[in-house]
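Let us take a walk through this protein together, one stop at a time. Keep the structure at hand and find each part as we come to it.

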Amino acid sequence: MDSTNSKEINFKELLNPYLKNWKYFVGMVFLMGLLAILYIKAKSPIYKAQTSVFIKDAKKMSGAGDIGMLQSLGGLSGMGTNSIENEIGVFESKTIVEDALRENNFQTPIYSKQTFNNIELYGTTSPYIIHVVQEKEDVDLPKKPISIKTKGSEIILSSDEWKKDIVTSFNKTTSLPFAVIMISKNPIFKSSSKIKMDEVFFNYSNFEDTVHGFQESLAVDLLDKDGTIITLSVDFENKEKAKDFLNSLVREYNIYAINDKNIESKRTKDFIDRRITIISKELGDVETQKEGYKSSNNIVDLPSEARINLQLKEQSKAAILELGTQLELNKILQNTLSRKGTGDVLPLNIGLENEAAAKAIQEYNALVLQRNKYLQEATPDNPVVKNIDKQIQEMKSSLGETLQKNVTSLQLAKAKVETQLGGSENVISKIPGQEKLFRSIERQQQIKESLYLLLLQKREEAAISMEITSEKARVIDKAFIFPKPVAPRKMMILGGFLLFGVLIPFAVIYLKQILQSTIINRANITKLTKVPVLAEIPKLKNRENPLLSFNDVSPMAEAFRIFVTNLKFLLPVKDAPQVIMITSSVKGEGKTFISTNLSIILASSRNKVLVIGADVRNPQLQRYNPSMKSSKGLTEFLSGEDLSINEITHPSGYNDNCDFIYSGSIPPNPTDLLQNGKLDELLSLVKEQNKYQYIVLDTAPLLLVTDSFLIADKSDAIVYVTRSEVTEKNYLEFLNHSVEDNKLKNVGIVLNGVKESNFGYGNKFGYGYQAEEKKWWQKYF
């Protein structure tokens, strides 16, 4: 046989155990299908709720808002780091879930028992609202639901964990073993004909466990890695509960954002107020310093002062020059006056600014001119002339005094102007230093004024920002429910159950094959030994007669006929009676059953058959004829009693051509009896009668005692009986060693008790030829 055919055969052998048990696969798949349907019916549908929010400027938070306002003041560029990942972390945080749960009543879910499952009641479908007033510490939480029943205003709470019910009423605090609660009627409850309200109960868990459960069920994801849209989703049984939870999360998030913004604004405003106080003090100090500097230096306006002093300097210089000129003119007039005679006139209009002197000169000149006019007509001694001379002398003296006074006055004025000029020059020389100091003071004043004005502006901006409370998370999609439930996934569950329906019998058969230590079918034997298999005997069915009848056409009879046919190929050809030894490994493998039915089939062809019960330790041959249980047999003959062959030979009772020599009583020394030579004598006597064509020896098991080995050499053929699902595989190793050591010769194996599905030549081996197989219903009726 080539390798291809060998592989094909091996492949068929691998599949054969599973194909033979196809009924188990079909039955298990059908059962798991029913279980899948019941499981789906028992599970309430779970729906996915989702909401989407847009986070405003999430990636620009580090330079926006009130932190940005502080950063604009300078020196605060490192403050305020934020990103969209941080916002996702806020939504997933335990704190925001806690606040959302406090806003809603999720700690004590209420259910109503239905035919196949329990429905969660919430919102308009819940008749009660349960408030947890106080949780008790260090107590065991309830593991079983708490039933709620009402009679009017009376509420009866019961649980399998409680010894007695708790009776309370609406809107009244009730102390339970684990918490203090208050039950009130739901004002928005609307009864529904689709929901049975016969059995209403609630489950309790502490607040921390509830928060943990909701936190685990919440899924927060970023819609686009480059965007700022966040999706929040949960998988809940109750649609309204899911939507309320998601909407509460968004509300709490916005409240957090507004509070954070107001806190930042208030802190910014407080910071600015403190800085304004400090800057105001510093600005006041600068103003005081400026005022003191001006007062100490007699400065109103330094540029004006400088300009005035420069003008005053120039004016002083001009005045000094003018006064000097007038002084010189006065001196010239004094000299001229002192040198002139009585008839000489003084110069007039030479620039003298003294009006009195100029008038005196004019009067003096008028008198001189009048004298000179008189001298033209009179002599100097003329009284008129003398009178005028006297007047001229007086006028001259008066004019001299006037000029002298004018000189003195001009000198004083010049000295004063020169002093004034020195003062102006001194002031002007101090102006650069004063201007430097004054500019420094003014610079500090300007800086403080600018910072003060900026702080005032920012304080107003912070105040305005506190009044503007826009939401940080803008809702794009309010919480909505997907139309198809996400659980239970019917097709997946059904497929999973059906897959298990296939895998369970597959695994059972596979493990059974791996762990199977006993022989199951013909193939197991052929793999373990080279000893030929003579036949496969089907397993007896319930209430089936273990003994074959004459002209029996049952599958059992056909199997034994095949056994006889194959056995004849094993027996040597001779005229003397053929001795067939029937043995096995251990008891319970069906040696006596095989021996008896073999003799019946052999006798059916008009052959005389003698069956000898050679198992003297555990006689089983008489079980098919209980009346012969106390009859004498092989033991008595071997022990030396004076018994003839005919005395211990008995008819079988079910076939005239078949006789039995029963084992007789159980001896204390069976081995000695089998070795004393009496068995050889018995077989010789039987053969000498030439009455029987076949002698069948029903012997003891080989593994348990050595009795059968003592008589093995007396047999023409040895039939080694194995039994399906009973004979261990390692027993065949013992058989192989026995054959190799020539302890057993001319051996053939019979596989007894084979199930119909385990026959080596198809499941219908030996079935149906001249026999009609019963229908499935005929097996039970």
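Setting aside neighbours within four places in sequence, Gln578 is in contact with Leu571, Pro572, Gln693, Tyr694, Ile695 and Asp716. You can find Gln578 in strand S15, which covers residues 578-584. Is Gln578 buried or exposed? Its relative accessibility is 8%, so Gln578 counts as buried, the cut-off for buried being under 20%. Please keep in mind that what you are looking at is a predicted model.

Strand S15 belongs to an open sheet of eight strands, and their order is S14-S21-S20-S15-S19-S16-S18-S17, with mixed pairing. At the edges of this sheet you will find strand S14 (533-538) and strand S17 (649-651), each of which pairs on one side only. Ignoring direction, neighbouring strands of the sheet are turned against each other by 25 degrees on average. For an example of pairing, look at strand S16 (residues 609-613) and strand S19 (residues 694-698), which pair in the parallel sense over five bridges. Here Gly613 of the one strand stands opposite Asp698 in S19.

Helices pack on this sheet as well. Helix H13 touches S14, S15, S19, strand S20 (717-723) and strand S21 (747-754), and its direction makes about 170 degrees with that of S14. Helix H18 (residues 678-689) also packs on the sheet, where it touches S15, S16, strand S18 (658-661) and S19. The direction of H18 makes about 155 degrees with that of S19.

Let us stay with H13 for a moment. The axes of H13 (residues 555-570) and helix H14 (residues 591-604) come within 10 Å and cross at roughly 80 degrees. The two helices are therefore roughly perpendicular to each other, a description used for angles of 65 to 115 degrees. Which residues of H13 and H14 make the contact? On the H13 side they are Met556, Ala557, Phe560, Arg561, Phe563, Val564 and Leu567, and on the H14 side Phe593, Ile594, Asn597, Leu598, Ile601 and Leu602. Eleven of the residues in this contact are nonpolar, one is polar and one is charged.

Following the chain onward from H14 brings you to Arg606, in the loop between H14 and S16. Arg606 is not a glycine, yet its phi is positive, at about 70 degrees. With a relative accessible area of 61%, Arg606 is exposed.

Now for another sheet. Four strands form an open sheet in the order S11-S12-S1-S13, and the pairing is antiparallel. Strand S11 (219-222) and strand S13 (473-481) stand at the edges with a single partner strand each, so one side of each has no neighbour in the sheet. From one strand to the next, the twist averages 20 degrees. Inside this sheet, strand S1 (residues 47-55) and strand S12 (residues 229-236) run antiparallel and are joined by eight bridges. One place to see this is Thr51, which stands opposite Leu232 in S12. Lying across S11 and S12 is helix H6 (residues 207-217), which runs at about 120 degrees to S12.

Beyond edge strand S13, look for the loop between S13 and helix H11 (490-515), which is the place of Pro488. A cis peptide bond joins Ala487 and Pro488 there, with omega at about -5 degrees.

Our next stop is strand S9 (residues 179-185), which is mostly covered, with five of its seven residues buried. Strand S4 (residues 128-135) runs antiparallel to S9, and seven bridges join the two. In this pair, Ile130 has Ile183 as its bridge partner. Strand S8 (residues 173-175) also pairs with S9 in the antiparallel sense, over three bridges, and Thr174 is the bridge partner of Ile181. S8 and S9 form a hairpin, with three residues between them.

Just as with Arg606, a positive phi turns up in the loop between strand S7 (166-169) and S8, where Asn171 is found. Phi of Asn171 is near 60 degrees, a positive value in a residue other than glycine. Asn171 counts as exposed because its relative accessibility is 54%.

We end at helix H4 (residues 84-92), whose buried residues are Ile84, Glu87, Ile88 and Phe91. Why are they on the same side of H4? They cover an arc of only 100 degrees around the axis, and that puts them on one side of the helix.

Note on methods
Residues are numbered from 1 along each chain as its sequence is written. This is a predicted model: local features need pLDDT of at least 70, side-chain atom pairs count only at pLDDT 80 or more; totals for chains, interfaces and linings use all residues. Side-chain values use heavy atoms; hydrogens and water are left out. Buried means under 20% relative accessible area, exposed over 50%, partly exposed in between (1.4 Å probe, protein chains only). Two strands pair if DSSP finds at least two bridges between them. Axes are lines fitted to C-alpha atoms, for helices over the stretch in contact, and angles run from 0 to 180 degrees between N-to-C directions. Angles under 35 degrees count as roughly parallel, over 145 as roughly antiparallel, 65 to 115 as roughly perpendicular and the rest as oblique. Contact means heavy atoms within 4.5 Å. Ala, Val, Leu, Ile, Met, Phe, Trp, Tyr, Cys and Pro count as nonpolar, Asp, Glu, Lys and Arg as charged, and the others, Gly among them, as polar. The arc is that of the directions from the helix axis to the C-beta atoms.
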